[in-house]
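Please consider the following structure, beginning with the organisation of a single chain and ending with the contacts between chains.

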Amino acid sequence: MPAALATQSLEKHFGGIAAVNGVSLAIEKGARHALIGPNGAGKTTVINLLTGVLRPSAGRIVLEGEDITALDSHHRVRRGLARTFQINQLFLDLTPLETVGLAISERMGTGWQWWRLAGTKLEVTEEIVDILSRFRLTDVMLERTGNLPYGKQRLLEIALAIACRPRVLLLDEPAAGVPEAERHDILATVAALPSDVTVLLIEHDMDLVFSFADRISVLVNGSLFIEGAPDEVARDPRVKAVYLGESLNA
Amino acid sequence: MLTILFDGIAYGMLLFVLACGLSVTLGLMNFVNLAHGAFAMAGGYITVVLVNRAGVPFFPGLVIAFAITALLGLLLERTLYVHVYSKSHLDQVLFTIGLVFMSVAAVDYVMGSQQVFIQIPSALQGRFELFGIGIGRYRLLIIIVCGILTLGLQLILSGTRFGSRLRASVDDARVARGLGINVNNVFALTFAFGSGLAGLGGALGAEILGLDPTFPLKYMVYFLIVVTVGGTSSITGPFIASLLIGIADVAGKYYVPKFGAFVIYTIMIVLLLLRPQGLFARAAGK
Amino acid sequence: MDPGSIKQVSHHFANRARWSAMEYAFWLAALASIFVCGGYWTEISPLFANRHLILTEIAWLGLFALSLDLILGYAGIISLGHAAFFGLASYIAALLAKHAIITEPVLALVVSGFAAALLGFATSFLVLRGSDLTRLMVTLGVTLIMREIANQIPEITGGADGLQGVVIAPILGLFQFDIFGHVAYVYCLVVLFVLFLLARRIIYSPFGLSLRAVKGNALRSGLIGISVNGRLIAVYTLAAFYAGIAGALLAQTTAFASLDVFSFERSADLLLVLIIGGTGYLYGGLIGAVIFKLMQDWIANLTPQYWQFWIGLVLVLIVLVGRDRIGTATAMIRTSVQRAVSRLPVPALRVAAPPAEGR
């Protein structure tokens with residue numbers, strides 16, 4: 001059975017620097033896979049490559065058996081690959097209602113319709129309400145996104161990706177910058193994701209990583225360092241060394 | 001044909017002197033100054049008044065025009081432009097277009113709308129032959145003066161402390177401020193100098209380009225082409241771009257007069273399509 | 001599933017698109033101007049003098065500004081080259097009439113509009129990438145090329161003198177253009193209204209919503225499946241069509257076409273018109289056209305030769321004061337007038353409260 005998402009020797013060079021160097025990942029369908037590593041290791045670059053925001057210098061990206069390396073971002077989304085951003089990338093002037101509605105109507109193929117009034121298709125409206133209630137955004141759904149508190153914006157960020165009904169979801173530090181009081185909501189949402197959705201999670205919060213992931217990859221200086229089940233990775237002394245900056249031979 | 005090349009080089013170097021101030025301004029403060037041509041026009045008209053009416057000799061006239069235009073630039077920068085730096089590009093465009101309209105109408109009112117000429121010393125008039133190339137004396141002067149200016153600019157940029165401060169500020173203003181460089185002063189001085197150069201270029205170019213109140217509008221496109229094609233991270237880029245445009249324009253108008261003007265615009269569009277950030281800009285932008 | 005929420009959502013979208021009292025008032029005033037400003041009642045008062053000529057200019061200028069709003073206000077593309085589409089259609093409409101290729105004005109209008117749309121489509125890829133400055137340059141370059149082309153084929157375009165000898169046949173074979181400008185005005189107003197309705201429909205459609213998303217965050221739009229380039233090309237082509245119609249209206253109502261349709265001043269003036277009125281709410285172009293034309297008329301009467309100076313001054317002042325401050329001020333005026341009008345004891349005017357957020 002082909003992996004849900006796989007990369008083959010993925011590379012990205014900026015000038016003389018290799019931000020991503022020969023990364024080969026294979027993520028099984030339905031997996032809860034975490035990608036961790038020190039700051040600057042290249043994790044977000046990997047996500048950018050996977051989603052088409054950046055073009056790789058070398059290597060291939062395969063989504064459910066199909067080579068998507070040459071596809072534009074929006075085509076990858078249509079093939080079932082969605083992501084969230086570490087720093088919220090939202091439509092500040094739109095409401096959560098409109099935001100989620102956009103993703104849903106685009107997915108249903110009605111995004112190009114110019115003759116119809118937006119918001120009159122019942123299936124879209126029902127799904128909007130469903131998603132917004134699952135993410136506890138119903139009370140703010142008519143507010144301008146830019147006016148929402150950060151925690152709500154973060155929930156919307158994830159809700160937006162979910163609205164694309166992805167088969168593979170890439171979460172880039174979903175709990176980043178969220179105040180302690182609201183972290184619980186985020187974590188609960190991440191845990192409640194449907195089990196047939198494959199999730200690749202980038203996180204620094206180790207509690208979240210170890211409670212969520214069934215497989216962990218460690219990225220250091222652009223290369224895959226270690227990969228394995230959570231307890232293997234947790235016990236490996238090299239991982240600690242890498243995070244603490246000690247020499248690998250110590 | 002070599003005569004055409006010669007004329008093209010003269011034209012190109014003149015364009016460079018006119019446009020390099022704009023290039024540095026854009027690269028330094030990310031500010032789109034469409035009114036740059038107005039300073040050139042000012043320099044031209046000041047020289048007209050000095051040389052034709054006040055009897056000042058040609059070369060001192062040029063120097064005084066440079067100084068006055070530079071002062072004018074400094075004044076406008078400190079009083080008006082400084083309020084517009086933080087605004088969007090659209091606002092900057094609107095603002096500077098407004099300034100252009102005002103300056104064009106003002107000059108029309110004060111000096112009249114007909115084309116004016118500067119009385120060039122007789123030593124600079126006419127042409128002579130050298131190895132079969134027709135060399136216009138005035139164009140030769142332009143090449144020499146602009147060449148010296150270009151070398152001087154390059155020396156200032158790479159050899160002086162001001163030059164390093166300027167290059168640092170262009171590269172990353174925030175970091176430069178953090179290092180203690182007074183970026184605002186750097187910019188004021190650079191803007192003044194760039195405007196002065198534009199004024200000098202306008203004075204030098206009156207003979208070749210034609211000086212009338214619509215000068216800023218007519219030539220604004222050329223300056224913008226130099227800057228967008230040449231990029232803003234060095235002066236080599238605009239220099240080469242200016243030469244290319246100068247030669248292409250002169251050659252185009254000579255060989256294919258019907259389409260001469262197109263050559264420039266088409267080259268610009270093609271180049272911008274291939275490399276939207278300019279021919280010589282660094283890859284990672286602000 | 002909460003039926004209350006679903007109803008709330010549907011109402012929200014329906015209310016957003018509902019015609020407000022101000023909108024009705026605007027178009028009623030436009031309709032009234034056909035009769036009130038036609039010079040029919042000058043015996044009663046000189047206030048009722050014939051103003052249809054300037055109103056015709058306001059009409060097509062408003063349409064031109066509306067077309068710029070489509071790309072600037074709704075898609076975020078800064079263009080100094082919108083005059084390219086305006087000018088192309090202007091010349092085509094004049095040529096179609098002069099050489100009797102298509103004599104019926106409405107048909108010629110549509111054909112000219114499509115020609116402009118074609119040019120828009122062909123040049124749309126130029127504005128897809130690059131910074132603001134690149135887009136400015138490239139759009140300006142296209143317009144200048146068009147001007148050069150027109151200048152270089154005087155046998156066809158009349159060159160610097162303009163295209164003479166254009167005769168416009170009666171509209172639909174029935175309505176002959178008259179010297180008072182009545183027919184021209186009604187023609188322009190009707191065309192403006194129809195195209196406005198179309199634009200309004202598009203803005204409130206799913207497509208229109210996606211445009212606002214693209215303008216707000218193009219990166220995120222792509223990553224929720226929206227084809228950003230596709231949207232930009234579509235709206236750019238549409239805007240070119242609208243600009244073309246405006247240009248063709250100019251040619252048909254003046255029976256003339258000249259090089260200055262491509263001038264930089266025209267593109268710059270257009271930006272000013274839209275800025276005065278405000279971007280992103282469709283009426284900005286129309287209101288801006290009214291204010292600009294009245295201002296231009298007034299200034300030109302004072303200083304016919306140097307009015308450009310005052311236009312420049314207005315631009316400088318607008319930027320220094322701050323477009324957003326002007327925008328907020330006019331928005332506040334708008335909403336308070338809207339609320340006042342909806343409180344009037346006239347049932348037909350009592351519509352839903354003006355929508356709080358984006359239109």
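In this predicted model, chain A contains an open sheet of 6 strands, arranged in the order β7-β8-β9-β4-β10-β11 with mixed pairing. Its edge strands are β7 (81-83) and β11 (223-228) of chain A, each of which pairs on one side only. Direction ignored, neighbouring strands of this sheet are turned by 20° against each other on average. Strands of a sheet pair through backbone hydrogen bonds, in either the parallel or the antiparallel sense.

Within this order, β9(A) stands between β8(A) and β4(A), and its two pairings can be followed in turn. On one side, strand β4 (residues 32-36) of chain A and strand β9 (residues 198-202) of chain A pair in the parallel sense over 4 bridges. In this pairing A:R32 stands opposite A:V199, while A:L35 has A:I202 as its bridge partner. On the other side, β8(A) and β9(A) also run parallel, joined by 5 bridges. Here A:V168 is found opposite A:T198 of β9(A). The connection from β8(A) to β9(A) passes through helix α6 (residues 180-191) of chain A, and this β-α-β crossover is right-handed.

How is β9(A) covered on its two faces? A:T198, A:L200 and A:I202 lie on one side, A:V199 and A:L201 lie on the other, and all of them are buried. The strand is accordingly described as mostly covered, with 5 of its 5 residues buried. One of the helices that lie across the sheet strands is α1 (residues 43-51) of chain A, which lies across β4, β7, β8 (168-172), β9 and β10 (215-220) of chain A. The direction of α1(A) is at about 150° to that of β8(A).

The view may now be widened to the whole of chain A. This chain has 9 helices and 11 strands. The radius of gyration of chain A is 19 Å, close to the 18 Å that the globule rule gives for 250 residues, so chain A is as compact as a globular protein of that length. Along its principal axes, the C-alpha trace of chain A spans about 65 × 40 × 35 Å. Of the 250 residues in chain A, 47% count as buried. Among contacts in chain A with a separation of 6 or more, 66% are accounted for by residues 24 or more positions apart.

Chain A also touches chain C. This contact takes 42 residues from chain A and 31 residues from chain C. On the side of chain A that touches chain C, α2 (73-78), α3 (96-107) and α4 (122-134) of chain A each supply at least two residues. The most is given by α3(A), with 7 residues. By class, this side of chain A has 18 nonpolar, 14 polar and 10 charged residues.

Chain C is also in contact with chain B, through 34 residues of chain B and 32 residues of chain C. On the side of chain B that touches chain C, at least two residues each come from α4 (89-111), α9 (215-230) and α11 (260-274) of chain B. Here α4(B) gives the most, with 17 residues. The residues on this side of chain B divide into 26 nonpolar, 4 polar and 4 charged.

How values were computed. Residues are numbered from 1 along each chain as its sequence is written. Chains are lettered from A and ligands numbered from 1 in the order in which they are written. This is a predicted model: local features need pLDDT of at least 70, side-chain atom pairs count only at pLDDT 80 or more; totals for chains, interfaces and linings use all residues. Two residues are in contact if their C-beta atoms, placed from the backbone, lie within 7 Å. Ala, Val, Leu, Ile, Met, Phe, Trp, Tyr, Cys and Pro count as nonpolar, Asp, Glu, Lys and Arg as charged, and the others, Gly among them, as polar. Two strands pair if DSSP finds at least two bridges between them. Axes are lines fitted to C-alpha atoms, for helices over the stretch in contact, and angles run from 0 to 180 degrees between N-to-C directions. The radius of gyration is taken over C-alpha atoms; the globule rule is 2.2 Å times the number of residues to the power 0.38. A residue is buried if 20 or more other C-beta atoms lie within 10 Å of its own, exposed if 12 or fewer, and partly exposed in between; C-beta atoms are placed from the backbone. A crossover is right-handed if, with the strands pointing away from the viewer, the path from the first strand over the helix to the second runs clockwise.
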